[in-house]
Amino acid sequence: MESMFQEEGSSSVTSSPLQFFSMMSLSPSMGSPYPWHRELKSEERGLCLIHLLLTCANHVAAGSLENANTILEQISQLASPDGDTMQRIAAYFTEALADRILKTWPGLHRALNSTRIVMVSEEILVQKLFFEFFPFLKVAYILTNQAIVEAMEGEKMVHIIDLNAAEPAQWIALLQALSARPEGPPHLRITGVHQQKEVLDQMAHKLIEEAEKLDIPFQFNPVVSKLENLDFDKLRVKTGEALAISSILQLHSLLALDDDASRRKSPLLLKNSNATHLHKVLLMNQSTLGDLLEKDMVNGYSPSPDSASSSPASSTASMNSESFLNALWGLSPKVMVVTEQDSNHNGSTLMERLLEALYSYAALFDCLESTVSRASMERLKIEKMLFGEEIKNIIACEGAERKERHEKMDKWIQRLDLSGFGNVPVSYYAMLQARRFLQSYGCEGYRMREENGSVMICWQDRSLFSTTAWRSRK
Amino acid sequence: MEHQSPSHSSAPQPPPRKKRSLPGMPDPDAEVIALSPKTLLATNRFVCEICNKGFQRDQNLQLHRRGHNLPWKLRQRGSNEPRKKAYVCPEPSCVHHNPARALGDLTGIKKHFCRKHGVKKWQCERCSKKYAVHSDWKAHMKTCGTREYRCDCGTLFSRRDSFITHRAFCDVLAQESAMAQIQAQGATNSKAAAVVSSPPTPPLTPSVSPTLSIQSSEIPENPTKKLSPTSSNAMTNSGTSTVFASVLASAATATTSSQSPSSSTCSFSNLMSNLECPNATSLSLSTPLYLSTNNPPHYSTSNAPALSATALLQKAAQMGASNASLRRGLGLATSSSYQCVNISATTTPKWNDRVKQENQPQVDSLGLRLPCGSGGVTDVMMGPSTPFVGQPMTRDLLGLGMGGGASSTGGLSALLSSFGGNFESSSGEGGVHHL
């Protein structure tokens with residue numbers, strides 16, 4: 001390490017770009033590593049961390065691993081998963097960057113991850129923690145349920161498809177609401193999709209229990225499946241039944257199925273071809289992806305002339321986001337409520353994603369800082385197992401592996417519109433309930449606003465999640 | 001609870017209860033009767049066939065007929081059970097003129113006709129509200145002026161539901177409740193009323209005090225007197241909202257220890273007991289049920305000294321943006337290198353000193369081949385304060401605008417560019433991998 005310092009001698013002061021940086025790496029006595037770190041105030045340290053992170057990311061994007069390594073060393077002195085907000089954020093971002101670097105040695109990466117034990121129970125727990133420690137899901141449930149109740153007014157048979165049936169609270173609330181209907185509750189059927197059978201069993205148990213108490217005729221159909229492999233026949237949608245679909249934070253992973261290199265799909269072609277045509281461009285070599293992606297790809301659909309020559313369905317013949325949405329449309333739901341993260345973490349370059357993710361996760365970490373103690377183990381779990389993993393996915397992964405492809409709700413609105421859905425504006429009453437809930441939640445940082453028929457749930461001014469409701473246009 | 005068949009449609013809990021027809025959806029077996037307005041409004045519809053005396057009610061007529069000492073045969077009015085009757089409104093343009101939307105109650109149709117199509121003969125003196133039906137007027141007189149709801153923004157309401165609706169959207173209230181939240185953190189059980197918190201000095205008019213006592217019967221545990229009358233009636237109007245919120249809130253409470261007192265209204269006490277809510281006690285619906293467990297325990301204690309991460313990012317971006325222009329302004333090297341100088345006016349002197357001391361001599365021993373260009377490091381102390389040029393940029397940073405994806409990173413990108421554009425082109429030392 002020392003030798004590294006000495007080998008570089010730029011005589012002019014202008015060689016060091018970062019004042020901060022130079023200050024950082026210096027110490028009166030070269031022997032003790034950065035003693036003055038301790039003296040940094042939280043704010044200065046935070047600013048320092050931001051700059052280091054950005055610098056490091058730049059190096060990583062440029063491929064200068066040695067430099068990146070040095071900076072990682074720097075950051076690790078300052079960052080900590082137990083520290084203040086910025087320290088925690090930096091810890092997870094640097095881990096993600098390190099993971100990304102490591103992937104350039106695939107063998108090494110695989111070896112290091114080979115003995116990881118995936119604790120399903122912990123993963124399930126962390127989802128529950130996300131539900132409990134934030135209002136986002138609860139507001140989404142309130143909005144979703146209200147949209148469903150309104151759409152199902154007068155219906156005697158209601159079928160709901162939950163694309164991620166993990167939290168019984170949502171449907172328990174709906175059961176309660178339906179039983180209070182003036183015309184009495186409908187016959188209710190819920191089809192829950194999830195990867196883990198245990199989760200579905202638990203959900204079935206809780207919901208059946210609740211339905212029995214309320215004397216509502218009820219059925220729960222579990223479908224154990226990944227969303228991308230979902231067999232729509234298994235959903236058993238009957239013609240003519242009143243169908244509602246609830247999709248909470250699920251659709252973005254489908255974007256990973258779309259090919260990164262070419263998002264130029266002709267929407268017209270898709271529609272004309274009865275939505276069965278898949279456009280696929282050959283997946284590019286993962287390691288060169290970052291360099292080759294063009295900026296404008298992230299800007300959503302731009303019908304391009306050359307996509308008329310659509311390649312035949314790829315060999316994998318699997319879903320992409322459009323075919324999935326089209327298939328949903330094909331079920332003719334009366335209402336479909338979509339909740340997604342409202343941030344663009346799907347930029348084509350690393351830097352874009354990192355910058356955007358910094359803002360979003362800063363807000364999320366701030367939420368926790370404002371409401372949960374630093375010593376809380378639950379907070380740590382959420383930060384590490386939920387946010388940390390998302391950050392790692394956004395930063396370190398590419399191609400089909402990168403599932404956390406959050407995008408701004410505008411993009412989703414475009415896609416849904418293209419797939420034949422018409423926006424159903426959020427009702428006054430739904431907003432009222434959601435607002436009242438948020439007001440009573442007791443943390444004034446959480447805010448809500450409505451724009452163009454969609455609802456955004458924000459922390460301070462930053463919109464984090466957004467909910468929209470749709471019906472299938474014929 | 002055992003249920004015979006899940007497909008059995010919902011029946012009210014005591015089975016042989018006579019079901020009340022839904023308004024506007026009459027019993028299909030009912031006999032539809034169309035009365036003329038004159039007959040409808042006639043006060044004495046029931047006429048004794050013997051002496052032609054008119055009575056307002058059938059019961060009164062029966063009583064009167066007894067007095068005629070009728071022989072047994074003639075005493076029976078009709079052998080059959082009176083068929084259920086449904087009445088249509090005589091006004092042709094009315095919805096209820098259609099037999100399918102007939103009303104099942106004679107009194108009901110009379111009142112309806114008067115209210116909708118009649119002349120408002122009765123007027124309240126206090127608020128000059130007019131009524132066509134005498135009983136409506138009487139009912140109003142009971143409550144007019146007795147209960148007043150005042151929002152913190154100063155608007156006065158006589159009706160609970162309009163008051164609640166207003167409050168949900170009142171900006172003033174939102175701000176104040178935020179403030180009150182912070183203040184209320186100290187108090188242990190203030191959660192219950194924190195929702196609708198107004199500042200302790202009761203904006204409620206004195207006339208509300210009887211209201212409060214009424215409230216207290218509904219709300220046995222009202223820890224503070226700040227509780228505004230938001231309870232049960234609101235909930236019956238907005239049944240679903242409570243349901244959702246209460247379920248969600250209670251579901252959350254299940255695993256933690258905070259109290260989430262449940263409501264006293266019957267259906268919702270069921271709800272509360274069903275969910276694993278510990279120590280459910282009675283309380284007004286709206287407020288506590290929305291509470292989730294981890295309601296802000298540490299509201300700002302740990303935050304007060306430290307900037308939030310969002311604020312830090314903002315600051316960094318501003319510095320990045322401003323530094324570029326600053327340096328140009330100062331005639332320093334163009335390829336803007338980042339100057340961390342003015343973190344804030346509150347930067348510790350120590351830090352500044354250090355910056356001064358360690359400035360020149362040791363920079364070059366940094367030893368990192370960071371290809372970035374000029375570092376005009378010389379002029380560390382830039383001046384009293386960093387001109388925060390980026391005010392609009394700041395806003396953009398936070399992605400306030402829709403689709404502000406690009407703009408949200410504007411500031412930090414500026415920061416990045418202040419590092420010099422040479423990063424990307426660097427080929428670095430050996431072992432370069434394009435990542």
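This section describes strands, salt bridges, nonpolar cores and selected residues in a predicted model with chains A and B.

In chain A, strand β8 spans residues 454-459. The strand is mostly covered, with six of its six residues buried. Its side chains point in two directions. Ser454(A), Met456(A) and Cys458(A) point one way. Val455(A), Ile457(A) and Trp459(A) point the other way. Residues of both sets are buried.

β8(A) pairs with strand β7 (residues 446-451) of chain A through six bridges. These two strands run antiparallel. Within this pairing, Arg449(A) has Met456(A) as its bridge partner. The hairpin of β7(A) and β8(A) has two residues between the strands. Asn452(A) takes a positive phi near 50° in this hairpin.

β8(A) also pairs with strand β9 (residues 462-472) of chain A. Here five bridges join the strands, and the direction is again antiparallel. Ser463(A) in β9(A) is the bridge partner of Cys458(A). Two residues lie between the strands in the hairpin of β8(A) and β9(A). In that hairpin, Gln460(A) takes a positive phi near 55°.

A parallel pairing occurs elsewhere in chain A. Strand β2 (residues 187-194) is joined to strand β3 (residues 218-224) by seven bridges. Gly192(A) stands opposite Pro222(A) of β3(A). Helix α10 (residues 197-214) of chain A completes a β-α-β unit with β2(A) and β3(A). The unit is right-handed.

Nonpolar packing was examined next. In soluble globular proteins, nonpolar side chains tend to be buried together. The largest nonpolar core of the model holds 85 residues. Phe93(A), Phe134(A), Phe136(A) and Phe387(A) touch the most other members. Helix α14(A) gives the most to this core, with 14 residues. Beyond residues up to four places away in sequence, Phe136(A) touches Phe130(A), Leu364(A), Cys367(A) and Tyr446(A). Phe136(A) also touches Ile457(A), Leu464(A) and Phe465(A). Ile457(A) is one of the buried residues of β8(A). A second, separate core has 30 residues. Among them are Leu175(A), Ala177(A), Leu178(A) and Ala211(A).

Charged pairs were then considered. Side chains of opposite charge can pair when their charged atoms come close. Over all chains, the whole structure contains 28 salt bridges. One of these joins Lys315(B) to Glu43(A), with an N to O distance of 2.7 Å. This pair crosses between chains. Lys315(B) lies in helix α14 (residues 309-329) of chain B, and Glu43(A) lies in helix α3 (residues 42-62) of chain A. Lys315(B) and Glu43(A) are both buried.

Within chain A, Arg100(A) forms a salt bridge with Glu398(A). Their closest N and O atoms are 3.1 Å apart. The pair links distant parts of the chain, 298 residues apart. Arg100(A) belongs to helix α5 (residues 85-102), whereas Glu398(A) sits in the loop between α15 (377-396) and α16 (409-418). Arg100(A) and Glu398(A) are both buried.

Asp342(A) and Lys408(A) form a salt bridge at 4.0 Å, N to O. Asp342(A) is in the loop between β5 (335-341) and α14 (350-371) of chain A. Lys408(A) is in the loop between α15 and α16 of chain A, and the two residues are 66 residues apart. Burial applies to Asp342(A) and to Lys408(A). Shared partners also create a salt-bridge network. The network joins Arg88(A), Glu369(A), Arg374(A), Arg379(A) and Glu383(A).

Chain B comes to 19 helices and 10 strands. Of its 435 residues, 42% count as buried. Among contacts in chain B with a separation of 6 or more, 52% are between residues 24 or more positions apart. UniProt, in an unreviewed entry, places the feature "domain: C2H2-type" at residues 46-68 of chain B. In the model, that span is 39% helix and 17% strand. Its end C-alpha atoms lie 16 Å apart.

Cys114(B) gives a local view of chain B. Cys114(B) lies in helix α4 (residues 106-117). Cys114(B) counts as buried because its relative accessible area is 19%, and the cut-off for burial is under 20%. Leaving aside neighbours within four places in sequence, Cys114(B) contacts Leu41(B), Val119(B), Ala132(B) and Val133(B). Cys114(B) and Val133(B) are 19 residues apart in sequence. Their C-alpha atoms are 6.3 Å apart in space.

Note on methods:
Residues are numbered from 1 along each chain as its sequence is written. Chains are lettered from A and ligands numbered from 1 in the order in which they are written. This is a predicted model: local features need pLDDT of at least 70, side-chain atom pairs count only at pLDDT 80 or more; totals for chains, interfaces and linings use all residues. Side-chain values use heavy atoms; hydrogens and water are left out. Two strands pair if DSSP finds at least two bridges between them. Helices (H or I, at least four residues) and strands (E, at least two) are DSSP runs, numbered from the N terminus. A crossover is right-handed if, with the strands pointing away from the viewer, the path from the first strand over the helix to the second runs clockwise. UniProt positions are given in the numbering used here, feature names are shortened, and annotations may be inferred rather than shown by experiment. A salt bridge is a side-chain nitrogen of Lys or Arg within 4 Å of a carboxyl oxygen of Asp or Glu. Buried means under 20% relative accessible area, exposed over 50%, partly exposed in between (1.4 Å probe, protein chains only). A nonpolar core is a set of buried Ala, Val, Leu, Ile, Met, Phe, Trp, Tyr and Cys residues joined through side-chain atoms within 4.5 Å. Contact means heavy atoms within 4.5 Å.
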